[in-house]
Amino acid sequence: MEEKNLPNNDFVREQIKDKPKKNKGIWVRLCTSALCGAVFALAACSVVLMMKPKLQEGQETQETQPQETDRETETQMAQVVEPEETEKVKPFSIGDYQQIQTQLYAIGNEANHSIVTITSVVSDTDWFNNSYEREGQGSGTIVGDRNGRLLILTEKKVIKDASEINVTFSDDTIAPAELVKYDGNTGLAVLAVDKEKLEDSTLSAIKIMRMGSSNTVHKGSVVIALGSPLGTNYSILTGNITATNNEISTADHNYSVYTTNIVANKNGSGILINTDGEMVGFVMQSYSADSASTLTAVNVSELKPVMELLFHDKAVPYLGLSVSTVTDEIADKYDIPKGVYVKEVMMDSPAMEAGLQNGDVIISVAGQEVTSANMYSEVVLELEPKETYPVVIMREGTNGYKKLTCKVEAGILQ
């Protein structure tokens with residue numbers, strides 16, 4: 001067989017070799033990446049440092065907001081809790097009421113050192129013309145210390161027709177007293193006891209009553225009645241003022257009257273004090289219409305001018321007119337001159353003798369202009385009994401009001 005020439009297959013025996021690695025390029029890339037990372041890290045750090053203050057402010061704001069929210073929550077919780085706490089408040093009990101009454105009675109007991117019992121001895125005869133003596137009792141209040149004498153305020157009815165007057169002090173000491181002066185209009189009377197007739201122990205036991213202001217008295221005010229509002233002396237009764245706008249019209253004066261819810265009788269006497277132990281009202285049951293009713297008292301502040309005259313042994317001037325103020329409204333509505341309107345002229349009074357009439361309008365007294373009932377009262381108290389003064393009036397006639405002058409001699413009401 002003929003031998004053929006075969007192609008050379010040496011390429012089958014060739015070995016495929018790996019491509020040679022380029023180590024230099026790899027290291028370049030690694031170095032480049034590391035450099036970029038370092039640059040990025042440096043940039044990131046710079047940004048963080050620049051934003052740090054703002055981040056801190058934001059964090060503080062976030063921390064503050066929850067605190068404010070907490071305060072709001074606490075306030076809401078407190079508002080919710082309040083009703084529960086209110087419900088837990090201890091209700092006013094009988095014990096609390098008793099404690100208040102005890103305190104009021106303590107004030108009354110202290111003020112009772114200014115209260116005295118007045119005993120009047122009256123000589124009289126019976127149907128068979130037999131002579132006998134009877135005693136009357138009432139209360140009085142020590143209101144002053146002048147010229148070595150204690151001044152005691154009471155009512156004239158307590159010592160009416162008395163031939164002998166004795167005063168019993170809070171320590172049961174008895175001493176004789178004499179009448180200083182009295183006012184026939186209000187019924188106020190002032191007695192005097194010589195201090196020389198009293199022991200030092202008695203003088204240290206008694207006290208001068210302090211005068212209070214009517215400005216502190218209003219409807220609902222707590223008051224304490226002392227004296228003998230029910231007929232028994234050294235009583236202590238507590239209550240409230242029920243009205244302060246009542247008024248009584250007496251000769252030449254108008255007085256405010258306090259009414260209370262304290263039970264009293266027609267013959268009751270004494271005073272009203274406030275919770276400071278000050279005298280604010282003088283009990284005058286004669287101005288009460290009922291024989292057995294609640295206690296009434298006259299405003300002490302308005303009685304002071306009369307009391308001062310009596311303390312100084314001076315008579316209270318008297319003209320004898322019941323008056324009221326002609327206000328602007330009344331003057332316009334009824335076409336009456338402004339001044340003091342005469343409601344009534346007392347029988348046999350100095351004013352009646354001088355010719356004054358009901359319906360007259362007084363415009364001046366003793367040369368002083370008067371435009372209200374209060375001004376008229378103040379001027380009258382300045383007059384001297386038995387002295388004659390001009391009283392200028394406006395009197396209505398057929399042709400309207402005409403000015404007239406009356407001469408009035410001031411008197412004393414017995």
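Start with the whole protein chain: 7 helices and 21 strands. Both are DSSP runs numbered from the N terminus, helices (H or I) of at least four residues and strands (E) of at least two. This is a predicted model, in which local features need pLDDT of at least 70, side-chain atom pairs count only at pLDDT 80 or more, and totals for chains, interfaces and linings use all residues. Residues are numbered from 1 along each chain as its sequence is written, and side-chain values use heavy atoms, without hydrogens and water.

Colour by burial. Of the 414 residues, 38% count as buried (under 20% relative accessible area; exposed is over 50%, partly exposed in between; 1.4 Å probe, protein chains only).

Next, select residues 269-273, strand S11. Here 5 of the 5 residues are buried, so S11 is largely enclosed by the rest of the structure.

Add strand S8, residues 222-228. S8 pairs with S11 in the antiparallel sense over 5 bridges; pairing takes at least two DSSP bridges between two strands. Look for Ile224 opposite Ile273 of S11.

Now show strand S12, residues 279-284. S12 runs antiparallel to S11, joined by 5 bridges. Ile273 also stands opposite Met279 in S12. S11 and S12 form a hairpin with 5 residues between them. Stop at Gly277 in the turn: its phi is positive, about 80 degrees.

Finally, go to Phe92, in the loop between helix H1 (23-87) and helix H2 (94-111). Phe92 counts as exposed because its relative accessibility is 57%.
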